[in-house]
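Please examine the sequence and the model shown below. The paragraphs that follow lead from a pair of helices to a sheet and the helices that lie across it.

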Amino acid sequence: MDHKPATIAVHAGRPAHEPDQPLNVPITMASTYVAGGDKEYGRYTNDAWVAFEEALGRLEGGRALSFASGLAAVATLLDLVNDSVVVATEQSYLGTIGQLADLEARGRLTARLTDFSDTARVVKLLERLDGEVALVWVETPTNPGMQLADLPAVIAAAHKAGARVVVDNTFATPLIQQPLALGADIVIHSATKFIAGHSDVVMGAVVVSDDALWDVLKARRDLLGAIPGPFEAWLALRGLRTLHLRVERSAANAATLAERLGAHPAVAEVRYPGFGGMLAAVLPTAEQADLLTHSTSLWVHATSLGGVESTFERRRRWKTESSTVPEGLVRMSVGIEDVDDLWDDLAQALERLGG
């Protein structure tokens, strides 16, 4: 029976409905297993991983693999590229950009960063690189500029050029977009963010629809040891159980705040894609943006996102952030608090700017 995403989030990956079975998969703290079965060793599998992977895989419409972090997942995917081109969103997550730069410096690949909100530019670039591209790496919305890509058009152009398509779905989550259903080959998540959702887990995940590719990535994970701990996987699965509720609330809050920020005279620009719990407010100067992020009591100045609490930061405080990101851009991860309390906290901070 096909179920809606909210039902899948709650029920997938649970033990069978049998007498005395627990409702949740227990945490199995095991580095090794008695020989002769399918498990053998703790680097190969764990019941908590399997349950988490079943739930996330069903939400994304594919087969999932969990990793020690989002960057461990990124590294595993990029490890498959050798002497080829990777075309990526220029405002991709800093860790992704950093890994691409490192691999390029070591002669492993050539990275071509471009603006994926300009579909015609991306298509022309892929046409010029026909046969040379191994991966097309898409973030939509981008982190932190909140730019959107036309996924069907980009996927079609990438496949025509002979490339696989990776979509970072961390911001949107599978509740808002399912890239595999649009033809993407691989979906990647920093499960640290919205999937786990409580700012207490570092974990990553990859989802694919091709069994052969899943086998390759599983073998790479086994070899590299980029595995999550059992407790982290259990926490991530517990967080995923309320993903639909958290995303619904944070998205409603974000839409309200985007409208109110857009009407405030101290804010030069608001970037909100119209869905999800992420937005960006652009202040006229870096100094004003910094003052905003240090003048609140509810909003937390922090670099991560996707938790139940609202966090924000001026992204250009990181020296390696893309120069295409405005100096005054404040990335805002909207939590599930009362929206009027969140706005009152922002409004008093904006008043300090003289707006």
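Which residues in α9 meet which residues in α11? In this predicted model, Asn253, Thr256, Leu257, Arg260 and Leu261 of α9 meet Val339, Asp340, Leu342, Trp343, Leu346 and Leu350 of α11. Sorted by class, this contact has 7 nonpolar, 2 polar and 2 charged residues.

The geometry of this helix pair can be described as well. Helix α9 covers residues 243-262 and helix α11 covers residues 339-351. The two pack at an angle of about 30 degrees, and their axes are 10 Å apart. Because angles under 35 degrees count as roughly parallel, α9 is roughly parallel to α11. The crossing of α9 and α11 is right-handed.

The next element to consider is the sheet. Strands of a sheet pair through backbone hydrogen bonds, either parallel or antiparallel. Here, an open sheet of 7 strands follows the order β1-β7-β6-β5-β4-β2-β3, and its pairing is mixed. Its edge strands are β1 (63-67) and β3 (109-114), each of which pairs on one side only. On average, neighbouring strands of this sheet are turned by 20 degrees against each other, direction ignored.

One pairing within the sheet may serve as an example. Strand β2 (residues 84-89) pairs with strand β4 (residues 133-139) in the parallel sense, over 4 bridges. Val86 has Leu135 in β4 as its bridge partner.

Helices also lie across these strands. Helix α2 (residues 47-60) lies across β1, β6 (186-190) and β7 (204-208), and runs at about 130 degrees to β1. Helix α3 (residues 70-78) lies across β1, β4, β5 (164-168), β6 and β7, and runs at about 150 degrees to β6.

Notes. Residues numbered from 1 in each chain as written. Predicted model: local features only at pLDDT ≥ 70, side-chain atom pairs only at ≥ 80, totals over all residues. Heavy atoms only, no water. Axes fitted to C-alpha atoms, helices over the stretch in contact; angles between N-to-C directions. Parallel < 35°, antiparallel > 145°, perpendicular 65-115°, else oblique. Left-handed = near helix turned anticlockwise from the far one by under 90°. Contact = heavy atoms within 4.5 Å. Nonpolar A, V, L, I, M, F, W, Y, C, P; charged D, E, K, R; others polar. Pairing = 2+ DSSP bridges.
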